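Me: Please take one part of this structure and go through it closely. I am new to it, so start from a single group of residues and work outwards from there.

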Amino acid sequence: MRSSIKQRKDESEIRGNRIGTFESQALAMIQIPNGMYVVAFCSVLLVVLTTLCLIFVPWQQTVSGRGKVVIFHPMQRPMNLEAAIPGRIKMWFVRDGQWVNRGDPIVELLEVDEKFLAPNQLEQMRNQRQAYIAKMEAARCRANSLQEQLEDLKVSRKAAVGSADRKTSQAGDRLEAAKLAVTAAKQNLKTSELNFNRVSALHEKGLRSRRDLELSELELIKSRTDLERAEASLEVSRKDTQVASLDLSKTDADTSAQLNGIEASYNSALETVATTQGELRKLEVEISHLEARIPQRLIRAPIDGRIVRLLKAGAGETVQAGTKVAVIAPNTTDLAAELLLDGNDAPLVLPGRPVRLQFAGWPAVQFTGWPSVAVGTFAGRVAVVDAVDDGTGKFRIIVVPDEESVEKNDDQPWPGPHYLRPGSEAQGWVMLNTVSLGFELWRQFNGFPPALDRKAMKEADPDIKRKSK
């Protein structure tokens, strides 16, 4: 029995050893390989680096726009040469692509207006002006002569009327004296008659002598004679007074008629002067218009530049006033980029913002978030942001070269006008705030707009300053 127990123990030990061996082999088979530790370490390191990059790596926010190259200064932009007057083309002096200097002739026009078709019209009008001037001078001299005559006649009239008036006054004085003499003679006659009657009565009574009667009779006759003489003198004085009055009236009427006639002639001369002067001024205005119109028959180059294209055919074609005949482009380096931004991006852009530009024909690689590693792009600054859209919801901005960055040798200057011509396509990225990469990804995933720097906007926009106050 002991042997059987021992045998069972031995068998159990052998079975336990076999099971232990099997367990060791199984454990050995499920151990992690060394390569998995490397993979796990790299994954953790990648997660940590990604987290650090999302937190600390900067990202430059931008808004993009497309547009074209323009000339910033308005006086140096391509301009249309227009006909100032209607006419018919006589001769072209230039060809497409030809360089011209300011003042060089471009095209000559012939008049088609019937008012200006007369040959030597300007010379004829100048001769007519000289005739008007001579006529006006003659009328002015005549007016001066009549004025002198008028002054002399006024003086002579005053003297003549004064003399006639004095004569009339003297005749009136004599008439009054004659009237007094008649009155006195009548009184003497009455006295003589009373004396004669008294002496005659006394003589009949024998109280007076014949001699006294005769003397009183003689006195009576003398008084009658004196009365008749006084009445005759009174009649003469009346006639003299009437004659003097007639002479005064005649003198006044004659001198007034002469004075009125000379005044009428003087006024007529002045009217001639005024009329001629008005006609002369009207003629001078017409001469000025013609003198200003003659140079407009020859269209000249307003600036130094190159003829881009001729818009009209050769000699004989008729053009109206304001018709475009040619396009001239000045040689300028005042280039700018005109970009169109979306309505959602325009409020984020203010003058002075930096811009990276890519021009058509220039190979470039642009990293939106890291403009410092961009290749083939050029630096610019926002100069103008339109206050209204272009009618399609787009807002225009004008970007000029960043001269300060070029002076610091941080960027290369823009290509010259030979390579960068107005109208060339351009694409730009307006630089906004710098944020973390994680914030930018979060913003892009959620569709949020770029971050706004309110402090910078308040400093750049005076309207916001006023509202904040």
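A salt-bridge network and its surroundings

Reply: Salt bridges join Glu111, Arg293 and Arg297 into a network. The model is a predicted one, and what follows is computed from it.

A useful neighbour to start with is Ile85, which sits in the loop between strand E2 (79-82) and strand E3 (87-92). Not counting residues within four places in sequence, Ile85 is in contact with Glu111, Arg293 and Arg297, and also with Leu109, Gln296, Gln320 and Ala321. Its relative accessibility is 3%, so Ile85 counts as buried. Ile85 and Arg297 are 212 residues apart along the chain, yet their C-alpha atoms are separated by 7.3 Å.

Next comes the sheet. Its 4 strands are arranged in the order E6-E5-E3-E8; the sheet is open and the pairing antiparallel. Strands E6 (298-300) and E8 (318-319) are at the edges with a single partner strand each, and therefore one side of each has no neighbour in the sheet. Strands of a sheet are held in pairs by backbone hydrogen bonds, parallel or antiparallel. Here E5, residues 105-111, pairs with E6 in the antiparallel sense over 3 bridges. Within that pair, Val107 stands opposite Ile299 in E6.

After E5 the chain enters the loop between E5 and helix H3, where Asn120 lies. Asn120 is not a glycine but has a positive phi of about 55°. Most residues other than glycine have a negative phi. Asn120 counts as exposed, because its relative accessibility is 55%. Gln121, in contrast, is buried, with a relative accessible area of 17%. Gln121 lies in helix H3, residues 121-204. Its contacts, leaving aside neighbours within four places in sequence, are Lys115, Phe116 and Leu290.

Helix H3 also takes part in a salt bridge of its own: the side chains of Arg126 and Glu291 meet, with 3.0 Å from N to O. Glu291 belongs to helix H4 (residues 210-296) and Arg126 to H3, so that the pair, 165 residues apart, links distant parts of the chain. Both partners are partly exposed, Glu291 at 34% relative accessibility and Arg126 at 36%.

How many salt bridges are found in the whole structure? The search finds 13. Another one joins the side chains of Arg396 and Glu338, again 3.0 Å from N to O. That pair links strand E13, which holds Arg396, with strand E10, which holds Glu338, across 58 residues of sequence. Asp342 and Lys394 form a salt bridge too, with their closest N and O atoms 3.9 Å apart. Asp342 is in the loop between E10 and E11 and Lys394 in the loop between E12 and E13, so this pair ties together parts 52 residues apart in sequence.

Finally, the nonpolar cores. The largest has 21 residues; Leu357, Phe359, Ile397, Val399, Trp414 and Val430 have the most contacts inside it. Elements giving it two or more residues include E10 (335-341) and E13 (395-401), and E10 gives the most, with 4 residues. A second, separate core has 18 residues, among them Ile89, Ile106, Ala301 and Ile303. Nonpolar side chains tend to be buried together in soluble globular proteins. Some nonpolar residues are found at the surface instead: Phe41, Val44, Leu45, Val48, Leu49 and Leu52 form a patch with about 540 Å² of accessible area together. Leu49, in helix H2 (residues 34-56), is partly exposed, with a relative accessible area of 41%.

Technical notes
Residues are numbered from 1 along each chain as its sequence is written. This is a predicted model: local features need pLDDT of at least 70, side-chain atom pairs count only at pLDDT 80 or more; totals for chains, interfaces and linings use all residues. Side-chain values use heavy atoms; hydrogens and water are left out. Two strands pair if DSSP finds at least two bridges between them. Buried means under 20% relative accessible area, exposed over 50%, partly exposed in between (1.4 Å probe, protein chains only). Contact means heavy atoms within 4.5 Å. Patches are made of residues with over 30% relative accessible area and no salt bridge: like charges are joined within 9 Å, nonpolar side chains (Val, Leu, Ile, Met, Phe, Trp, Tyr) within 5 Å. Accessible areas come from the Shrake-Rupley method with a 1.4 Å probe; for residues, only the protein chains shown count as cover. A salt bridge is a side-chain nitrogen of Lys or Arg within 4 Å of a carboxyl oxygen of Asp or Glu. A nonpolar core is a set of buried Ala, Val, Leu, Ile, Met, Phe, Trp, Tyr and Cys residues joined through side-chain atoms within 4.5 Å.
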